[in-house]
Amino acid sequence: MTANGRSGYSCMDDLKSHPLPSIPRSLNVRSVKREMKTFAEASALSFYKPAAHVCFWAPCYKNTMFGTYNAAVMMHLRFDGTFGFPGGLINRGEDILDGLTRELKEELAYNPAVHKPITYDDYHSSRIVEDKLLVLHLFVVELSMDQFVSLEKNATSAEEYGVEVFGTVRVPLYTMNNKYGGLPAFLNNRFIGCAKQELIMALFSIGILTDDQIDELIDNANNMKLAPNRM
Ligand SMILES: O=c1[nH]cnc2c1ncn2[C@H]1C[C@H](O)[C@@H](COP(=O)(O)OP(=O)(O)O)O1
């Protein structure tokens, strides 16, 4: 059983029965739901180009002077100045996991033997981008903290470091006492495509954020736009 609460998907065909993930209350709006597709629906769009990205995370309790967090979650800064998850486009005829693994090797120097192979059990959700004819698959992969730190350390030796990728970041998962610092401030960065929604949804599925916490987080992130720069 994975952190996503699912098990037994040994191959891509098994995902044909995979349901949509539960959507947090704040994201349960038409504009978000319209883009989400089950794996079966997404796979039927044969003329759409697939891409796959991964949210690596590890359980880790840390109490810092800024806030407390229970997990390390990885995103990266991209060549275009936005934050996103590692991964990329899958080549025509390429298996999704093979393509994802290839991209992760290029972007993170990821080594399945060391950092844990990704399987179809780690599949989370799919979205379409109609105007670009893209299907974006998200995987959520739980690592041990040792594997996570090893991936962070390896990342600067990746072929694409300094080209497509400008560094991995740990998402600050707390909200500071001023109600802006930490995750609300992080969410006010620019994200590629639907990566911000994917981040919130992954945190919800993993169990790091509840519906109430997501409501408050989005309020705090929006209020920050109205506030003077006081961090
Ligand atoms: O994290 C992401 N979440 C959703 N969509 C993403 C994310 N990162 C990129 N994208 C989009 C942007 C592009 O339309 C495609 C492919 O982009 P990219 O990952 O840069 O692909 P290549 O590395 O160039 O193969 O996905």
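**Note on the ligand site**

1. An oxygen atom of the ligand sits 3.0 Å from an N or O atom in the side chain of Glu 164. The model is a predicted one. Arg 78 also reaches the ligand: a polar atom of its side chain lies 3.0 Å from a ligand oxygen atom. Glu 198 faces a nitrogen atom of the ligand instead, with a side-chain N or O atom 2.6 Å away.

2. How much of the ligand does the protein cover? On its own, the ligand has 540 Å² of accessible area. The protein covers 84% of that area.

3. Now look at the pocket. The ligand takes up the space of the largest pocket. Four elements each give two or more residues to the shell around the ligand. They are strand 5 (87–89), helix 3 (96–108), strand 7 (134–142) and helix 7 (195–206). Strand 5 gives the most, with 3 residues.

4. Which residues come nearest to the ligand? There are 16 residues around the ligand. His 53, Phe 85, Leu 89, Glu 164 and Glu 198 come nearest. Two of these names, Glu 164 and Glu 198, appeared in point 1.

5. The shell is mixed in character. Its residues divide into 7 nonpolar, 4 polar and 5 charged.

6. Where does the ligand lie with respect to the domains? Domain 1 spans 12–190, and domain 2 spans 191–231. Both give residues to the shell, so the ligand lies between them.

7. Two backbone angles deserve a look. Ala 109 is not a glycine, yet it has a positive phi of about 55 degrees. Find Ala 109 in the loop between helix 3 and helix 4 (112–115). Leu 133 is not a glycine either, and its phi is positive too, at about 50 degrees. Leu 133 belongs to the loop between strand 6 (123–129) and strand 7. Helix 3 and strand 7 also appear among the elements that give residues to the ligand shell.

Technical notes:
Residues numbered from 1 in each chain as written. Predicted model: local features only at pLDDT ≥ 70, side-chain atom pairs only at ≥ 80, totals over all residues. Heavy atoms only, no water. Near = heavy atom within 4 Å. Polar contact = N/O pair within 3.5 Å; in protein donor to acceptor, adjacent residues only side chain to side chain. Areas by Shrake-Rupley, 256 points an atom, 1.4 Å probe, with all protein chains shown as cover. 1 Å grid on protein atoms, 1.4 Å probe; cavity = no way out; pocket = protein on both sides within 12 Å on 5 of 7 lines; lining within 4 Å. Sits in = over half its atoms within 2 Å of the grid points. Nonpolar A, V, L, I, M, F, W, Y, C, P; charged D, E, K, R; others polar. Domains from an automatic or database assignment.
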